Each structure stands twice: as C-alpha cells, then as structure tokens.
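Subject: A structure for you to look at

Hello,

I am passing on the structure we talked about, with some notes on what turned up in it. Please open it beside this email and follow along.

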Amino acid sequence: MTIPTTDTNHTPTAEEAGAAFAALRAEIGKAVVGNDNAIMFLVLALLCRGHVLLEGVPGVAKTLLVRALATALELDHARVQFTPDLMPGDVTGSQIYDPHSAEFTFRHGPVFTNLLLADEINRTPPKTQSALLESMEERQVSVDGQPRPLPDPFVVIATQNPIEQEGTYPLPEAQLDRFLFKVDIQLPGRDDEFRILQRHAAGFDPRDLAAAGLRPVARPAHILAGRAAIAKVTISPEVLAYMVDVCRATRMSPAVQHGASTRGATALMAASRAFAWLNGRAFVTPDDVKALAVAVLRHRLQLRPEAELDGVTTESVMSSLLLSVPVPV
C-alpha cells in the first residue's frame, strides 16, 4: 500500500487517495469505537458531494464522529444547535450595519465551513430548516440577492433524535431528498461499550483529540483525487438496469405512497461507484447496490398511513424489495 503523503504541494494519485481514505477510517477509529458503517457513509458523502442525516439517541458519539473526521482530514467544521428560536440568519449569516463606515457588511454564518453539524435539525421551524436547502443543493448562500459560494468540500451532517418527537418539525420531503444517506446510529454492543469505558478510564478526553493521538492522514486534495478516480468507475448496462428496477419497485410497492425519485436513482448510482472504488474495484457490482440501497433510499419513501399503522417501516419495505427485484448475473 502506498503511504499517503502530507505534502500540501503534491497532487495525489488515485492510488495515494485510496491509501489515504483507508488510513482515514482507521484514524477515526482512534476516537470513535464501533460505528464503522457511519464512518463509511460519511467518507462516501465527501467523495460524492452529498449530505448525511444521522438518526440516533443522544450520547452515541455523533458530534465526536464529525470532529474526528474533520481532524483526520484537516477540514474546518462547525456545529449549530437547532432550537425553536433559531433564525435563518443564525445559520447563513446576515448583513450587519457598521456605524463607523455607514455601510452594511456581510458576517458569515456557521454554514461557511467544510463540515457542518446541524444538531437536532428537526427542533427548528421550517423557515430555518429551509435556510439550509439552497446551501445543500446549490452550495451557495444568497443574501440580499447576492450569491456567496460555500467552500469545497461542503457536507451537511444533520442529526435528529428518534425518540422525543414532541414539539419537533419533521423535515419536508424536498429537503429529505437532498440527503444522500440516512444513517441510524445504534447504541454500542457490550464489547464496544466496554472498550469505550476502558478508554475513558485511561484518560481519553473527547474534547482533546490530539491527546488521543488523532492526526491528519489525508487532506482535501485526496478528496479531489478520489472524485476523479470514481468518475472512471464503470457500470454495466445490466447493473444500471438493476438500479432502475430497485427504484421503480419503491414506487409500485402497495405500502408506499410516494417512492424514490430519479434523484434517488442518481444518488444510488453515485454512491455505488464511490463504494466500489473504496473497495478497490473499477466497476460496480449488484452487491454494491444492495449494500447501499437502504441508506440511500429509505428516507425518500413516504409510507401509506394504513401501512404505518400496521407497523411497516421504510427499512422493512426496502429489505423486502431487495429480495424481490431480480439481480443480474
């Protein structure tokens, strides 16, 4: 394996980028125990220029995961706690009047960063939620009619608590569709929880990642090199047809009121190519599609009310569809 270089003047090759991302996942593991799937989905989102919705109860290291990723990649990050009184300008920034110059100047909001942690995004009203919509889709912020580009990479990592739903504002379908993945962060298993306590007993401080030995092992140039390599990953017509059939099956399911859109199909294709490249292949297999279909599509499905009353979930619908759609040989 090629050792990833930290020379900022060096343009990484595709091989070096692959080695850097392999080292990245191992480096994050120094701070985050378990949650390997979540780490993988965040890396895929960076490579695909996508966004991630994390769902999990408080205290399962969602914030630590983002901070560790930013540290290992030398990226800027910011965290916004979404509350009912949060205003759009608190996220995007606003024009501030300077009495000395008698002019308005733009004060950048926390959205001007590489990794934005939107904590408990469903706690804030739709007006503030929608402030992220242009940022997520167009990667810019418009204030007083003037567009201001966001840095690249730019990834929104939003969290929501699946338990306490009183007083929350569910994300509209148009905004859910902008998330590349929806990832469930589970409570750790017994062995992982034991390892976490061992680390804390030995002095691990989640607020001091440098003391934990976390260091940059990749940089934004590796992301660009990875994206260029992913663009060369091939997909056979048979696998493309399989992706189409999976997405169309969501629209024909009797339990689903609205299935995945064409944006969902293109998201599945992009994620599958990145997943194949991370696994050292220059082509996509049906197994790549099956491995990512649930995370890519489940938040894009709207169930029928009667199906929800029967206890049907989007995860169960997707699992059933993946068993029923013929897989190309």
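Before we start, one definition: helices (at least four residues) and strands (at least two) are DSSP runs, numbered from the N terminus. Please also keep in mind that this is a predicted model.

**The largest pocket**

Let's begin with the open spaces. The largest pocket holds about 850 Å³ of space. Its lining is made up of 33 residues, and L171, L176, K182, H299 and L301 are the ones nearest the centre. Which elements give at least two residues each to this lining? On the strand side they are strand 1 (52-55), strand 9 (181-184), strand 10 (256-258) and strand 11 (302-303). On the helix side they are helix 7 (173-176), helix 13 (305-309) and helix 14 (314-324). Sorted by class, the lining has 13 polar, 11 nonpolar and nine charged residues.

**The second largest pocket**

The second largest pocket has about 370 Å³ of space. It is lined by 21 residues, and V33, V60, A61, P188 and I196 lie closest to its centre. Helix 8 (residues 190-201) gives the largest share of this lining, with six residues. Here the classes come out as 12 nonpolar, six polar and three charged residues.

**The open sheet**

Next, have a look at the strands. Strands of a sheet pair through backbone hydrogen bonds, and they can do so in a parallel or antiparallel way. In this model, five strands make an open sheet with parallel pairing, in the order 2-5-8-1-9. Strand 2 (77-81) and strand 9 are the edge strands, each pairing on one side only. From one strand to the next, the twist averages 20°. Strand 9 is worth finding twice, as this edge strand also supplies residues to the lining of the largest pocket.

To see one pairing in detail, go to strand 5 (residues 115-119) and strand 8 (residues 155-160), which run parallel and are joined by four bridges. There you will find A118 opposite A158 in strand 8.

**Helix 3**

Last comes helix 3 (residues 62-73), with 12 residues. From its first C-alpha to its last it reaches 17 Å, close to the 16 Å expected at 1.5 Å a residue. Is helix 3 mostly covered or mostly uncovered? It is mostly covered, with nine of its 12 residues buried. Among the buried ones are K62, L64, L65 and V66, as well as L73. Right after helix 3 comes E74, which has a positive phi, near 55°.

Happy exploring!

Definitions and conventions: Residues numbered from 1 in each chain as written. Predicted model: local features only at pLDDT ≥ 70, side-chain atom pairs only at ≥ 80, totals over all residues. Heavy atoms only, no water. 1 Å grid on protein atoms, 1.4 Å probe; cavity = no way out; pocket = protein on both sides within 12 Å on 5 of 7 lines; lining within 4 Å. Points joined across faces, edges and corners; volume = space filled by probe spheres on them. Nonpolar A, V, L, I, M, F, W, Y, C, P; charged D, E, K, R; others polar. Expected span 1.5 Å × (residues − 1). Buried < 20%, exposed > 50% of the residue type's maximum accessible area, 1.4 Å probe, protein only. Pairing = 2+ DSSP bridges. Axes fitted to C-alpha atoms, helices over the stretch in contact; angles between N-to-C directions.
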